[in-house]
Amino acid sequence: MKLALLFSALFLVTSAGFAQEHPSVTAQANSVYVGADGKFEAAPDTAQIQMTVSVQDDNPQGAYQRASKNVDQIRQVLKANGLDTKLATQGFLSVQPVYEWRPKQRVIAYKAAADVTLKLKDFAKVGPITQQLAEANVSETQTLTYILESMDEAKNRAVEDAYRRARNSAETVARASGRALGELSYASVDTFENPRIVMPHQMRAMSAMANAAPAPTEEFTPQLVTVTAHVNALFGLK
């Protein structure tokens with residue numbers, strides 16, 4: 001008596017990067033449903049420095065002018081290091097009133113703020129740029145993140161690794177049951193990038209340390225960017 005065999009091997013993902021639910025697949029006779037994780041690691045190709053320019057003044061015009069001056073200082077730092085100012089992008093410069101609520105509501109100042117993002121391909125310039133921005137005192141904080149801008153290829157490599165692992169699992173199940181693995185009839189893919197945030201710090205504090213000894217990590221290379229993928233696949237059985 002021939003029995004219709006149904007195999008289902010589902011590997012649960014516990015990584016926070018895959019907290020989202022995966023699509024459900026209706027079980028089919030003579031099939032095997034597998035899931036697997038894969039990853040691809042690559043050296044980052046871009047250093048991203050993010051800053052928030054924020055100043056206060058007694059009137060909106062003064063706040064706007066002071067914020068514009070700080071942004072211009074960022075441009076001057078780039079020019080001094082032989083960099084194109086287009087490497088930095090500026091968000092909308094907003095001006096908002098600052099209120100005092102007691103004993104009654106009244107405007108006591110105006111705050112101007114803008115986000116500035118700088119992307120550098122030459123990592124050798126990261127140290128000098130961050131130090132000079134600190135000395136210029138153009139913002140309270142800056143965050144340095146190493147990222148991978150050529151992300152599509154990395155995602156493809158991670159998906160390939162996940163699919164290879166999923167297919168290996170399906171072949172193991174098929175072989176253990178005395179069957180042969182058939183064609184792929186369904187697949188779903190999720191990918192997740194883990195950017196490397198290297199150093200959020202206070203710019204004024206960094207300025208005070210400008211002439212101190214070199215940073216402990218000065219000769220280290222940035223940590224690899226890891227792209228992970230999860231593949232669910234449904235194969236037929238022969």
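Begin by selecting I49, I74, L118, L120, I129 and L133, which, among the 25 residues of the largest nonpolar core, touch the most other members. Keep in mind while doing so that the coordinates belong to a predicted model.

Next, colour the elements that build this core: β3 (46-57), α1 (60-80), β6 (106-120), α2 (126-136) and β7 (141-147) each contribute at least two of its residues. The largest share comes from α1, which supplies six residues. To see how one residue is surrounded, centre the view on I74 and show its neighbours; leaving aside residues up to four places away in sequence, I74 touches M51, V53, V116, L133 and V138. Apart from this core lies another one, of 20 residues, and selecting V32, M151, A154 and L181 will show you some of its members.

Two residues of that selection, M151 and A154, lead on to helix α3, where both are listed as buried. Select residues 151-176 to display the whole of α3, a helix of 26 residues whose first and last C-alpha atoms are 38 Å apart, close to the 38 Å expected at 1.5 Å a residue. Which residues of α3 are buried? Besides M151 and A154, the buried residues are A158, D161, A162, A166, S169, A170 and A174, so that the list includes an aspartate and a serine as well as several alanines. Then step past the end of the helix to G178, which follows α3 and has a positive phi, near 80°.

Now turn to the surface and select Y99, W101 and V107, which together make a nonpolar patch of about 310 Å². V107 is found in strand β6, an element that also supplies at least two residues to the largest core. Is V107 itself buried or exposed? With a relative accessible area of 36%, V107 is partly exposed, and it can belong to such a patch because its value is over the 30% required of patch residues.

Finally, zoom out to the whole protein, which has four helices and ten strands. Followed from the N terminus, the elements run β-β-β-α-β-β-β-α-β-α-β-β-α-β. Of the 238 residues, 35% are buried, while the accessible surface comes to about 14500 Å², with 51% of it belonging to carbon and sulfur atoms. If you draw the contacts with a separation of 6 or more, you will find that 82% of them join residues 24 or more positions apart.

Note on methods:
Residues are numbered from 1 along each chain as its sequence is written. This is a predicted model: local features need pLDDT of at least 70, side-chain atom pairs count only at pLDDT 80 or more; totals for chains, interfaces and linings use all residues. Side-chain values use heavy atoms; hydrogens and water are left out. Buried means under 20% relative accessible area, exposed over 50%, partly exposed in between (1.4 Å probe, protein chains only). Contact means heavy atoms within 4.5 Å. Accessible areas come from the Shrake-Rupley method with a 1.4 Å probe; for residues, only the protein chains shown count as cover. A nonpolar core is a set of buried Ala, Val, Leu, Ile, Met, Phe, Trp, Tyr and Cys residues joined through side-chain atoms within 4.5 Å. Patches are made of residues with over 30% relative accessible area and no salt bridge: like charges are joined within 9 Å, nonpolar side chains (Val, Leu, Ile, Met, Phe, Trp, Tyr) within 5 Å. A salt bridge is a side-chain nitrogen of Lys or Arg within 4 Å of a carboxyl oxygen of Asp or Glu. The expected span of a helix is 1.5 Å times one less than its number of residues.
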